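This report describes the chains of a complex, their domains and the contacts between them. The sequence and the structure are shown first.

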Amino acid sequence: MMTLGVLKGPVKYAVYYGLAIVWIVPVIWMVATAVKPTPEVMSFTPHWLPSAITLDHFRTLLDKRPFFLWLFNSFQVAFWATVITVVVTTFAAYSLSRLKWRGRDALFLLLLAGMFIPWEINAIPLFFIVKKIGLLNTFAGVFLPLSALPISLFLLRQFFINLPTDLEDAARLDGCGHFRILWHVIIPVSLPAYGALAIFIFIFAWNEFFWSLVALQRSDVRTIPIGLKTLVAASDIQYDLMMAGSFMATLPALIVFLIFRRHVISGISMAGVQR
Amino acid sequence: MSTAIPSANAVSRSGKVRPDSTPAAAQKRWIQDDAVVGLLFLLPYLVLWGLFAVLPIGYGFYISLHRWNPIGGSKFIGFENYTQLFAVARFWNALKNTFVFAGCVIPLILGLGLGFALLLHRRSLRGAGLIEGALFFPYLLNVSVVSILWAFLLDPNVGIVPYYMRLLGLGSPDFLNSPVFVLPTIAFVTAWWLCGYRMVVFRAGLNAIPQELYESSAIDGAGPIRQFFSITLPLMKPSILFAAVLTLVGGLRTLGQVIIMTNGGPGTSSEVLALYMYRLAFESFNFGQAAAVGFILFAIIFVLSMVLVRVLGLRSELN
Amino acid sequence: MASRREFLQGMGGLGLAAMTNVLSNPALAAPAKIWFNTLFHGGDADAMETIVKKIGAADSNIQVDLTQGAWTEYYAQLYNSVVAEAAPQLGIVDDFRYESVAQVLYDVTDTPAGNMLDRMGIKPGDFNQWGISLVGGKPLGIPLDQNGFGIFYNKDIFKQAGLDPEKFPETRDEFENACEAIKKIGKIPYHPALSGETRFIRRAWLGLLWGNNGKFLEGDKPAFNTDKGREALQYLVDGVLKRGWNKPGTNGNNQFLAGELAMLQNGTWFYLTVEKAKLNYGCSMPPKFFERRVAWGGYHLIVLPKQPDSKETIAKLETTAAFLKAFLPYTSLWGEMGGAVPLFKAGIDNPELKQTNTWRKTLGMFAQAAASGAMLAEPRHPKITDVDLAIEPFTQQAYNGTMSVKDALDQAEKAVDKVLSAS
């Protein structure tokens, strides 16, 4: 552990808080720009404090683009991705950790190798596959592939494996079938893992870009990342509106984060580290 | 690990031991049942994963062997898409850019992630949680927001980064419009965005190192630098390497930041393979060749990561 | 215990219901409605929205779902929507992208609902430049407008620099002197390429190439790697690298709207944006940099993407024909609000159009340029899109100063050769 003995007291605080502020300055600048009058936004010298707070950019942007539709679409994709992930992965992880059958662990390793398959790179063939199924331009076409990510499997399976078996064994002796064991024993105990999984997948699906770009091309099914992309290089959208749009897109995450900061971070921490 | 034989005190809730639930009978039932149930439970995941992650690989290869015309009349042309690609300088340029980008992004993300994690590790600081939050927050942003924001920040006319650099007399390079600076710049923006995740993961890893190791080495007279190199680094090595491989995979398949910040520019200096593939498919409508690029990229990423996992001995990370 | 089961069942039912809602196609509502997807934004989009509303108000049988979107995604979206058998009934294309999506468009005289022109009650002669709608001899679209570049200039900056704000430079010397005067008062003289994007730089070069009497393509071969081509590109590049008129990597639109830029090359569509910014501006054709005063131009066409075989299709196409017929009287409004030159003769010849602010400020000038052939479009070729995409990286690098003009055009020529010879 590095004890930087030099940094004590106010110097230490200055360095740490300074670092945090510098790191977050881009976000602050985004917020400031979103409420600044246009001439100050486009000025060649930066204006840190807006001379007047204007909500015009938000109004104009909402007028020009179906921003709330994008938000709603993103929410649908993220929500269903999370729900289906939880359901599908629960059964899969249970099978790979609590049930005993030959080849179980080998198959798990194989499925894990999937972590290294960049599935969006296969966007072209996937496009045609999804088209054949008839799911092009639907949210299912996007959240279904997101519901079977190896990392979700990894997270849950590792968690399940480390659970003590006592309650389960008792339940089995009682004659409980697998469903009841899952529902009554495993799931209630695994809520922290589910929390972590839900947070991770929700964020992941909310921010998904590449596949959404290919699969959701109709303008009424666009999600936030794609909608924002259309703002760039649009001849009627300048930086002021782009920052307003970015701010609106970030607001949900910002609010959730300010309230649930510790939970989000510990959830992510759990999702990334499973020993 | 689940056990096949119930522990001796696993008795039913009513206090009785059922006649047909003796250990032997139970074990037999489990061995019989588990395979069928096991595969059944796995089925939904396998179907989804197989359909959306595995099938496209084979189908993509199939498409790449054709002049693919989705309106009708695809012609089989064997490996012609591939030979055409290998003869085009733009393909090799995209390949080079992809690796240059990955090469920039990996040390940045890992360095920043580890650096921040170390800075925050066991530090008694009021508001440490807030600082961690500030460093982590960019991870929650959308790739589009990050790209739009930084394109604005780096704009030569109205961006604050070039402005302050000029003010400090440093002179500001054309970040997004210079063939030399564009890829490192996008890499830095990517690191700003994603290092928060690595920081959190590394922090958990650091917390897992027993404090006693440091204490006993301090007693032996080891300073912080020695402690870092002889305790922290070796113990963190597996997770750092694992993170490196995952970051490599992510870096090689980057598309979002590039397409929004520069669209491959200036010229094709930041055109990475994923972008080249996208443009072949959706600007030139040459789906066969795009699928070929996709297959090549997939093969590179998969083979490279498998080789690295084996060579670096990271199998344990997966278990 | 029981409540949990019920809860689960309830959730499952709800989930299933929501899922089916989610799985079904969100947008297309009642079957009688048609879907019109355009690539417009800004003034063009406002114009189209106004027109569509008016048509719907006048005839309730014509209900149109109008979506307008970003240019960069548009063509992929158009193509893929036909592939997905869920295409709009009406779309808009630029002439230089037209042929790349030709296979997904109907011949307007031969749709499942018959001959659209007959249904609309018009004939080719009712349009100026009907020929631009022909691909392989077949009309795959209906001409809407001619648009193109001009130079918008800030009259206030001109005054400040001691230049006559009502007289835009007509010769190269006048232009260069004006730039020097503008530099002296600390403003940015000229941006040749709108927001600075790659395709705009190429188009700026094309304007200079044609002004120099150079050629772009000759049949199936590149013809731009000549002295004339090099001269044109060198002039463009010198502007930003030697003469200090601007810098590479900058966004001219931002500079102009911020009041820092004196002259900006932008398109007919810029009218509404610059009006909204309340700048004191003028608009003119570029000066005679070389042999003639010309600028890059293009056309917009209304197209009918291919539809799946079904009864619905015919009904929708009939509504489409009715819509198009009702659209014809609004072509002048299109010019007035969107800034481009309508190609429907009755539209451009409409005397009311000449009374509008648009005509006075920009459109009159553009209409005259169009009529006199000063707005030049890219040559028609099935692969023109790929040719453009092949050249752009090189003109961009020359503009940035990272490649010499000679190298840029040599490499561009090679790339175009490859594109044109690939089958």
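In chain C of this predicted model, the centres of domain 1 and domain 2, taken over C-alpha atoms, are separated by 29 Å. Domain 1 of chain C comprises 34-146 + 299-371, and domain 2 comprises 148-297 + 379-421; these bounds come from an automatic or database domain assignment. Between them, 18 residues of domain 1 of chain C are in contact with 17 residues of domain 2 of chain C, where contact requires that the C-beta atoms of two residues, placed from the backbone, lie within 7 Å. On the domain 1 side of this boundary, two or more residues come from each of α2 (43-58), α4 (95-98) and α15 (357-371) of chain C. Of these elements, α15(C) gives the most, with six residues. By class, that side of domain 1 of chain C has five nonpolar, eight polar and five charged residues. In this classification Ala, Val, Leu, Ile, Met, Phe, Trp, Tyr, Cys and Pro are nonpolar, Asp, Glu, Lys and Arg are charged, and the others, Gly among them, are polar.

Two conventions apply throughout: residues are numbered from 1 along each chain as its sequence is written, and chains are lettered from A and ligands numbered from 1 in the order in which they are written. Because the model is predicted, local features need pLDDT of at least 70 and side-chain atom pairs count only at pLDDT 80 or more, while totals for chains, interfaces and linings use all residues.

**Chain C as a whole**

Chain C has 17 helices and 14 strands; helices (H or I, at least four residues) and strands (E, at least two) are DSSP runs, numbered from the N terminus. Along the principal axes, the C-alpha atoms of chain C fill a box of roughly 80 × 60 × 50 Å. The radius of gyration of chain C is 24 Å, which agrees with the value near 22 Å for a compact globule of 423 residues. This radius is taken over C-alpha atoms, and the globule rule is 2.2 Å times the number of residues to the power 0.38.

One residue of chain C can be followed in detail. C:Cys283 lies in strand β11 (residues 281-284) of chain C. C:Cys283 counts as buried because it has 21 C-beta neighbours inside 10 Å. A residue is buried if 20 or more other C-beta atoms lie within 10 Å of its own, exposed if 12 or fewer, and partly exposed in between, with C-beta atoms placed from the backbone. Beyond four places in sequence, C:Cys283 is in contact with C:Gly150, C:Phe152, C:Lys361, C:Thr362 and C:Met365. The C-alpha atoms of C:Cys283 and C:Leu194 are separated by 14 Å, with their positions 89 residues apart along the chain.

**Chain A and its contact with chain B**

Chain A has 14 helices and zero strands. Its radius of gyration is 23 Å, well over the 19 Å that the globule rule gives for 275 residues, so chain A is more spread out than a compact globule. The C-alpha atoms of chain A fill a box of roughly 75 × 60 × 30 Å along the principal axes.

Chain A is divided into domain 1 (9-54) and domain 2 (61-272), whose C-alpha centres lie 33 Å apart. Seven residues of domain 1 of chain A are in contact with seven residues of domain 2 of chain A. Both α1 (9-34) and α2 (38-41) of chain A supply at least two residues of the domain 1 side, and α1(A) gives the most, with four residues. That side of domain 1 of chain A has five nonpolar, two polar and no charged residues.

Between the chains, 82 residues of chain A are in contact with 87 residues of chain B. Helix α14 (residues 239-272) of chain A provides the largest share of the chain A side, 14 residues. The chain A side divides into 56 nonpolar, 14 polar and 12 charged residues.

**Chain B and its confidence**

Chain B contains 13 helices and two strands. The average pLDDT of chain B, the predictor's confidence in each residue from 0 to 100, is 84, and 88% of the residues score at least 70. Over residues 1-12 of chain B, pLDDT stays under 50, and the model has 27 contacts beyond four places in sequence for this segment. Where pLDDT is low, the predicted coordinates should not be read in detail.

**Burial by chain**

| Chain | Residues | Buried residues |
|---|---|---|
| Chain A | 275 residues | 55% buried |
| Chain B | 319 residues | 46% buried |
| Chain C | 423 residues | 54% buried |
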